[in-house]
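Open the model in a viewer and keep the sequence panel beside it. The stops below say what to select and what is there.

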Amino acid sequence: MEQEAPDDTRLVEEALQGSHVSFQLLVERYEQRIFNLIRHYTRNPVEIEDLAQETFLKVYRRLSSFQGQSAFYTWLYRIAVNTILDSLKRRGRSPVQAVEDLEAVPHAPSVACPSPSATLEREELARITHDVLEELPEIFRTVLVLREYEDMAYQDIADLLGISIGTVESRLFRARARFKERLLQKHPEFGSDS
Amino acid sequence: MECQNARSMIPSYLDGELSEAQAGPLRQHLLGCHPCRGSAQDLKNVKRWFADAPAAIVPAGFAARVARRAQQGDTGELVETLSTPRSDEDRGRLLSFVLACTAAAAVLLLVLAIGLRQFGLPQTDRLQAEPPAPQLGKALEELDRLNRADLNRADRAPHVLPKKP
């Protein structure tokens, strides 16, 4: 009979008792998701690895503060997102925009959003989306990444970012409008096809 | 359901955030409302751009390396410091520091140059030479005395013209 994989809380407890193997198991369980998450903020493989490493080292240092009130992966994601955003800030790579501009209700572009062409290769589609995301203010990029790529529920995004569900909804609304606007600006050829 | 209400619910509906009790009436509305169906289609198109991103590559042995470093008490701070390129803000601060140092060095050089010049200039308004030192004065008096003695001897001697060969 196959042995059931230990749950996250048990691995955390064992890691806190000094089990090197348990912590390694936790890292193995989430490394792919954390690398995928960071990849939406930087394309440099060395930076991705550095940020992933910094995230997991922070997790290890703070294990004793994990209360188990939220899922381990929500707690881990919170540390990862904060690590990424701190790094963006330090490197001056977060698109800067005035707060009032961010909070303004966008004018929905009158042109419909184009659907990606079926002939677009998977990598090409991801590259175009990434290029557009890169130009969005960080708060919009983060909600889109968490919702669309990480498939997180509104409540999890709210917990992770420390905001209300209503704020998650309004940010997503604005983020999608901005995404569509920038996509059509950068790639008018897709708009004319629709 | 009114269109305004329906449109505000479309994102939550497509994100799977509505209960069946909320989603049912919206679906009914969409079936009969062409403009609202267009809004839903528009949002679906936005979401399609995020589909199916290729997975990032995790380097082999990453978990083992991180676990080992964590147990060794590595905080990851050194990695960050070494690998982080300087931001524009950091570069600006560095430039300001270098400029301040250059300005301070220039002021110091100016002060030194003025000071050295001051040392080289006369300390009073009298531009005559200093009186000769006592030993030098004595020597000059002796020289005068010898000159006068030579002159006296020359005056007393007979003036004889040299003979022609």
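Helices and strands here are DSSP runs, a helix having at least four residues and a strand at least two, numbered from the N terminus. With that convention, the elements of chain B read α-α-α-α-α-α-α from the N terminus on. Note before starting that this is a predicted model.

**Stop 1: the whole model**

Colour by chain, then by confidence. The model scores ipTM 0.80 and pTM 0.67. Chain A has an average pLDDT of 84, with 85% of its residues scoring at least 70. For chain B the mean pLDDT is 78, and 75% of the residues reach 70 or more.

**Stop 2: chain B alone**

Hide chain A. Chain B contains seven helices and zero strands. Of its 165 residues, 12% are buried. Take the contacts in chain B between residues at least 6 apart in sequence: 58% of them join residues at least 24 apart.

Now select α1 (residues 3–14) of chain B, the helix where confidence in this chain is highest, at 92. Then move to α5 (residues 77–83) of chain B, where confidence is lowest, at a mean of 47. The pLDDT is below 50 over residues 78–85 of chain B, a stretch with 10 contacts in the model beyond near neighbours in sequence. Where pLDDT is low, the predicted coordinates should not be read in detail.

**Stop 3: chain A alone**

Swap the chains. Chain A has 10 helices and zero strands, so its pattern along the sequence is α-α-α-α-α-α-α-α-α-α. Buried residues account for 38% of the 194 residues of chain A. Among contacts in chain A between residues at least 6 apart in sequence, 68% link residues at least 24 apart.

Select residues 96–100 of chain A. Their pLDDT stays under 50, and the model has two contacts for them beyond four places in sequence.

**Stop 4: α9 of chain A**

Select residues 165–186 of chain A, which form α9. How far does α9(A) reach from its first C-alpha to its last? The helix has 22 residues and reaches 31 Å, close to the 32 Å expected at 1.5 Å a residue. Show side chains for its buried residues, which include V168(A), L172(A), A175(A), F179(A), L183(A) and L184(A). Charged residues are also among the buried ones, including R171(A), R174(A), R176(A), R178(A) and K180(A).

**Stop 5: α7 against α9**

Add α7 (138–149) of chain A to the selection. The axes of α7(A) and α9(A) come within 9 Å and cross at roughly 100°. Angles from 65 to 115 degrees count as roughly perpendicular, so α7(A) and α9(A) are roughly perpendicular to each other. On the α7(A) side the contact is made by I139(A), F140(A), V143(A), L144(A) and R147(A). On the α9(A) side it is made by V168(A), R171(A), L172(A), R174(A), A175(A), R178(A) and F179(A). The residues of this contact divide into eight nonpolar, no polar and four charged.

**Stop 6: α8 and the residue after it**

Select residues 154–161 of chain A, helix α8. Its buried residues are Y154(A), D156(A), I157(A), D159(A) and L160(A). They pack against α4, α7 and α9 of chain A. Step on to G162(A), just after α8(A), which takes a positive phi of about 70°.

**Stop 7: S87 in α4**

Centre on S87(A), in helix α4 (residues 72–90) of chain A. Is S87(A) buried or exposed? The cut-off for buried is 20 or more other C-beta atoms within 10 Å; S87(A) has 21, so S87(A) is buried. Draw a distance from its C-alpha to that of L51(A): the two are separated by 8.2 Å, though 36 residues apart along the chain.

**Stop 8: where the chains meet**

Show both chains again. In this model, 45 residues of chain A are in contact with 38 residues of chain B. The helices α2 (20–39), α3 (45–61), α6 (122–134), α7 (138–149) and α9 (165–186) of chain A each supply at least two residues of the side that touches chain B. α3(A) gives the most, with 11 residues. By class, the side of chain A that touches chain B has 20 nonpolar, eight polar and 17 charged residues.

Finish on P54(B), in the loop between α3 (34–48) and α4 (62–71) of chain B. P54(B) is exposed, because 12 other C-beta atoms lie within 10 Å. Which residues does P54(B) contact, leaving aside its neighbours within four places in sequence? They are R122(A), E123(A) and A126(A).

Methods: Residues are numbered from 1 along each chain as its sequence is written. Chains are lettered from A and ligands numbered from 1 in the order in which they are written. This is a predicted model: local features need pLDDT of at least 70, side-chain atom pairs count only at pLDDT 80 or more; totals for chains, interfaces and linings use all residues. Two residues are in contact if their C-beta atoms, placed from the backbone, lie within 7 Å. pLDDT is the predictor's confidence in each residue, from 0 to 100. The expected span of a helix is 1.5 Å times one less than its number of residues. Axes are lines fitted to C-alpha atoms, for helices over the stretch in contact, and angles run from 0 to 180 degrees between N-to-C directions. Angles under 35 degrees count as roughly parallel, over 145 as roughly antiparallel, 65 to 115 as roughly perpendicular and the rest as oblique.
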